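Please walk me through this model in the viewer. Tell me what to select at each stop and what I should find there.

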Amino acid sequence: MFVGRTKELAFLNECYSSNKAEFVVLYGRRRIGKTALLQEFSRDKFSLYYTAVEITDHVQLSKLSDHVLEKLPAPAYTKDFPDWETLFQFIGEQATRDDKLVFIIDEFPYMVQNNRGLSSILQKQWDIHLKDRNIMMVLCGSSMSFMEKKVLSEKNPLYGRTTGIMKLEEMDFQHARQFMGDGDFQQHLTYYSVYSGVPYYLGMINPSVNFQENLRKSIFSTTSVLFHEPEFLLKQELREVAQYNAIIESVASGDSRHNEIHQKTGIERTKLPYYIGNLLDLGILKKEFPVTMKEKERAKSKSGLYGLGNHYFRFYYAFVYPYLSEIQEGFEGIVIEETVLPRINQYVSLVFEQVAMEQVRLWTKEGRLPVSPLRVGRWWEKDREIDILGRDLKGHYLFGECKWRNEKTSLKTLAALKNKVSLSFPDAKEPCYMLFSKSGFTQSLRDEAENDGNVVLVDCSGTDFSIQ
């Protein structure tokens, strides 16, 4: 069953419905759901769908020829195409029906790696035979570096031909919940904090067994795909995997600055930016700045903090990677019970902040908040930190605090937030205060919020976010 991706499907269908030829590039990391999306999009359309594989150029041309001739009418004497030019020209000649021909090449990088001139050939054929036909061409790839540097860059022959570009990202929390079966907010957030928003990873969850058993079978088993996934992904995209492993483990343990990562890993200071840059490009690492910092300031600032850009990688390097030997020796049950379960609430709390930010953005679009901030994020300065900060175009502020703990949130939390705001943002007029709580709120805090329209309480003790 296909789940989610409504915006992405709408984009592809909009391209399909246009009255001109379309050339779309779709890319994203492995397992993100590109193939499922394209199959869902093309299943009721006049389409050619070819998945390239790592074979010689001659065999690739032969396989695509067979696929094309099986789908499209051709003279009886035509058994294959002698070259790529003839094949693309033939496809263009077939794109004359009222319904648009959808031509999808999945894993395009595999097609190009044994024919470096193929992009130039395709560019020429698009300009001559395809761009004026009733066709929608889609190039898809999992190699992030290749798609960005070899297909979309200005130096590539295909640059300027694309009519649409989509980088497929992870699913947000609300869409990811559809993979988890029945369950309340807290259970689903815990799963999301481990399996992330990658559809393939989410598909590993078995709703009929408990959280601990899911971990044991789908992650801590040496025969499971997810046990080997991080190493496989790194080897596919990068060399010197040992260096990257060291950096990721350092960040997963809490090191967030260049100097901390350097000291933990021992990697030379001059080489560290290169490795970190590659991990940022892949989305494995992310760099975060205080939300109030302007873009120009970020380029020169050293105040950015590094974190892991994928929840599963963060979980893996925090709880699996340090215990690989023990897991391989069959002690996975002890590792889960003694390292994961005692720390899972602390681990989930950081994801809770990110999911709360997503909800603020959603409610802003729906006009449900006293303030409508266009930019929402974390803020920190020296010894002060605010979980959620937003500012609208009129200069009104929203300040939020997230509490993922078992006791109810009290007036003390609101007072502490107001104190930080008064010290760091003394000019903020009538700010909106939002408190997100795992376990609800004390009656005194509820009374305060009822009397103050600028205090918003969000209870997460039920099935979803609930504004009190």
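Select Tyr49 and Ile104 to begin: Ile104, in β3, is the bridge partner of Tyr49. This is a predicted model. Now widen the selection to β2 and strand β3, residues 101-106. The two run parallel and are joined by five bridges.

Add helix α3, residues 57-71. Helix α3 lies across β2 and β3 and runs at about 155° to β2. Then pick helix α7, residues 144-151, which also packs on the sheet. Helix α7 touches β1 (22-27), β4 (135-141) and β5. The direction of α7 makes about 145° with that of β1.

Show the whole sheet next. In what order do its five strands come? Read across and you get β2-β3-β4-β1-β5, an open sheet with parallel pairing. At the edges are β2 (47-51) and β5 (164-167), each of which pairs on one side only. From one strand to the next, the twist averages 10°.

**Next stop: a strand pair**

Select strand β6 (residues 285-288) together with β7. These two pair in the antiparallel sense, over four bridges. Leu285 stands opposite Leu308 in β7.

Turn on the side chains of strand β7, residues 305-308. Leu305 and Gly307 point one way. Tyr306 and Leu308 point the other way. Are these four residues buried or exposed? All are buried.

**Aromatic rings**

Move to helix α17, residues 311-320, and select Tyr312 and Tyr316. Both tyrosines lie in this helix, four residues apart, which is about one turn. Their rings form a tilted aromatic pair, 6.1 Å centre to centre with 50° between the planes. Tyr312 counts as buried because its relative accessibility is 0%. Tyr316 is buried too, with a relative accessible area of 4%.

The structure holds 31 aromatic pairs. For a cluster of rings, select Phe173, Phe185, Tyr192, Phe352, Trp363, Trp404, Phe436 and Phe465. Ring pairs link these residues together.

**The mixed sheet**

Now display β8 through β13. Which order do these six strands take? It is β8-β9-β10-β11-β12-β13, in an open sheet with mixed pairing. Look at the edges, where β8 (375-381) and β13 (466-467) stand. Each has a single partner strand, so one side of each is left without a neighbour in the sheet.

Keep the sheet on screen and add helix α20, residues 344-365. Helix α20 packs on the sheet and touches β8, β9 (384-391), β10, β11, β12 (455-459) and β13. The direction of α20 makes about 130° with that of β11. Add helix α21, residues 411-424, as well. Helix α21 lies across β8, β9, β10, β11 and β12, running at about 140° to β11.

Zoom in on strand β10 (residues 397-403) and β11. They run parallel, with six bridges joining them. To find one of the paired positions, select Glu401: its bridge partner in β11 is Leu435.

**A loop serine**

Follow the chain out of β11 (432-437) into the loop that leads to α22 (443-451), and select Ser439 there. Although it is a loop residue, Ser439 counts as buried because its relative accessibility is 17%, and the cut-off is under 20%.

Which backbone oxygens does the side chain of Ser439 reach? One belongs to Arg405, at 2.6 Å. Another belongs to Asn406, at 3.2 Å. Show the surroundings of Ser439, leaving out residues up to four places away in sequence. Ser439 touches Arg405, Asn406, Glu407, Lys408 and Ser461.

**Last stop: the cysteines**

How many disulfides does a search of the whole structure find? Zero.

Select Cys432 and Cys402 to see one case. Cys402 has the closest cysteine sulfur to that of Cys432, but the distance is 13 Å, so the two are too far apart for a bond. Cys432 is buried, at 0% relative accessibility.

Swap Cys432 for Cys460 and keep Cys402. Why is there no bond here? The sulfur of Cys460 is 8.1 Å from the closest cysteine sulfur, in Cys402, which is too far. Cys460 is buried as well, at 0% relative accessibility.

Methods. Residues numbered from 1 in each chain as written. Predicted model: local features only at pLDDT ≥ 70, side-chain atom pairs only at ≥ 80, totals over all residues. Heavy atoms only, no water. Buried < 20%, exposed > 50% of the residue type's maximum accessible area, 1.4 Å probe, protein only. Polar contact = N/O pair within 3.5 Å; in protein donor to acceptor, adjacent residues only side chain to side chain. Contact = heavy atoms within 4.5 Å. Pairing = 2+ DSSP bridges. Disulfide = S-S within 2.5 Å. Axes fitted to C-alpha atoms, helices over the stretch in contact; angles between N-to-C directions. Phe/Tyr/Trp six-rings, centres within 6.5 Å; stacked < 30°, edge-to-face > 60°.
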